[in-house]
Amino acid sequence: MLTLEQATVRFGGRAALDAVDLDVAEHEIVCVLGPSGSGKSTLLRAVAGLTPVDGGRVLLDGADQAGVPAHRRGVGLMFQDHQLFPQRDVAGNVAFGLRVRGAARPERTARVAELLELVGLPGAQRRAVAALSGGEQQRVALARALAPSPRLLMLDEPLGQLDRGLRERLVAELRRLFGRLGTTVLAVTHDQGEAFALADRVVVMRDGRIAQSGTPREVWQRPADEFTARFLGFENVTAATVRGEAADTAWGRLPVPAGSAQGEHPLLVRPAGVRLTAPADGLRCTVETRTFRGHHVAVRLRPETGPPLEAVCALRDTPEEGAEVGAVFTAQEVVVLG
Ligand SMILES: Nc1ncnc2c1ncn2[C@@H]1O[C@H](COP(=O)(O)OP(=O)(O)OP(=O)(O)O)[C@@H](O)[C@H]1O
């Protein structure tokens with residue numbers, strides 16, 4: 001339903017969006033992920049019609065949007081800081097887009113009630129927005145964006161201001177809600193957890209280009225390159241020379257899955273692929289730090305050769321800080337990167 005063809009936006013000669021091709025299907029939830037300045041907001045603004053494209057095309061349902069102003073594109077926008085109208089009550093905020101569209105009062109009243117029910121704030125019509133919690137304000141902003149039934153809903157860091165626990169809850173709620181409504185969503189976030197929990201498809205951006213696009217599982221399991229792997233928080237990345245099902249690296253010779261690309265490539269070992277043994281049975285390492293993460297412990301190792309390694313251990317198997325251990329690598333958790 002949304003197509004970008006070679007979409008380009010330049011600011012003073014520099015491309016913030018650089019010949020981007022992207023398709024979003026009806027009912028799909030796509031999350032654009034990337035570091036600060038990678039062009040995520042520019043992408044949203046170009047689709048919304050708030051920033052004109054300098055090259056390429058934006059199509060909605062097959063129609064080129066060149067020259068179509070933002071308010072005629074039929075897209076809903078929800079920004080990071082909600083931008084609720086503080087002088088209006090909840091109903092006044094939710095009804096805003098409906099009023100702009102000229103909906104009659106009975107229709108507005110019914111729609112506002114329906115939406116507040118949907119976002120989990122039934123009966124909140126007359127409450128003052130200033131008196132709402134951050135999570136409640138976020139729900140009101142969402143109801144307001146959904147009110148005119150946009151064909152495409154765009155969210156820019158929708159949960160940016162909220163604390164982690166609330167974000168995790170809301171993200172699960174949002175996914176269920178969008179699924180039920182069949183909403184097509186293009187969301188932007190720099191938070192991987194949020195993107196992976198919300199999206200059917202994740203698009204990773206770097207310097208105005210798409211570095212990788214795939215299902216959360218695909219991107220997580222097979223990051224396309226070193227940039228994406230590091231951006232996702234993987235630290236066990238090193239240069240490697242791959243021959244057959246083995247790779248020579250600074251950590252010694254590692255097993256790699258059959259069919260891996262051959263020759264010189266960066267190589268990623270997921271932390272689950274680093275198993276701890278007796279020092280003599282693997283790469284000798286010193287345990288530097290241990291970080292408790294609920295059901296497991298992240299262990300940072302200083303190997304006798306090569307960069308630091310991150311491993312995960314079960315709570316009861318965790319070695320002491322300062323202990324000498326051996327590291328053994330599991331081929332299934334090794335990814336030869338592009
Ligand atoms: N109006 C503007 N004028 C000049 N440069 C701009 C403008 N808007 C964005 N840029 C530049 O374009 C690049 C991409 O910015 P953009 O806001 O799209 O990135 P982002 O990925 O959304 O970043 P963040 O996560 O920090 O919001 C940046 O280098 C930014 O400085």
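Which residues surround the ligand? I would like to start there, and I should say at once that what we are looking at is a predicted model. The ligand is surrounded by Phe 11, Ala 16, Gly 34, Ser 36, Gly 37, Ser 38, Gly 39, Lys 40, Ser 41, Thr 42 and His 190. If we sort that shell by class, we count 2 nonpolar, 8 polar and 1 charged residues. Helix α1, which covers residues 40-48, supplies the largest share of the shell, namely 3 residues.

Let me now step back to the protein as a whole. It has 9 helices and 20 strands, and its C-alpha trace spans about 80 × 45 × 35 Å along the principal axes. Of the 338 residues, 38% are buried. Among contacts with a separation of 6 or more, 65% are between residues 24 or more positions apart.

Two sheets deserve a closer look, and as a reminder, strands of a sheet pair through backbone hydrogen bonds, either parallel or antiparallel.

One of them is an open sheet of 6 strands, in the order β6-β7-β8-β3-β9-β10, and its pairing is mixed. Because β6 (75-78) and β10 (209-214) stand at the edges with a single partner strand each, one side of each is left without a neighbour in the sheet. From one strand to the next, the twist averages 20°. Inside this sheet, β3, residues 29-33, runs parallel to β9, residues 201-206, and 4 bridges join the two strands; across that pairing, Cys 31 stands opposite Val 202 in β9. Helix α5, made of residues 134-146, packs on the sheet, where it touches β6 and β7 (152-156), and its direction makes about 165° with that of β6.

The other is an open sheet of 5 strands, ordered β15-β19-β16-β17-β18, in which the pairing is antiparallel. Here the edges are taken by β15 (274-277) and β18 (309-314), each with a single partner strand, so one side of each has no neighbour in the sheet. Neighbouring strands of this sheet are turned against each other by 50° on average, with direction ignored. As for the partner of β15, that strand pairs in the antiparallel sense with β19, residues 324-329, over 4 bridges, and within β19 it is Gly 326 that stands opposite Thr 277.

I will finish with the backbone, and with two residues that you may want to inspect on the screen. Most residues other than glycine have a negative phi, and most peptide bonds are trans. Ala 19, however, has a positive phi of about 50° although it is not a glycine, and its place is in strand β2, residues 14-24. His 27 likewise has a positive phi, near 70°, in a residue other than glycine, but this residue sits in the loop between β2 and β3.

Are these two residues buried or exposed? The answer lies in between, given that a residue counts as buried with 20 or more other C-beta atoms within 10 Å of its own and as exposed with 12 or fewer. Ala 19 has 15 other C-beta atoms within 10 Å, and is therefore partly exposed; His 27 has 14 within 10 Å, so His 27 is partly exposed as well.

Note on methods: Residues numbered from 1 in each chain as written. Predicted model: local features only at pLDDT ≥ 70, side-chain atom pairs only at ≥ 80, totals over all residues. Pairing = 2+ DSSP bridges. Axes fitted to C-alpha atoms, helices over the stretch in contact; angles between N-to-C directions. Contact = placed C-beta atoms within 7 Å. Near = placed C-beta within 6 Å. Nonpolar A, V, L, I, M, F, W, Y, C, P; charged D, E, K, R; others polar.
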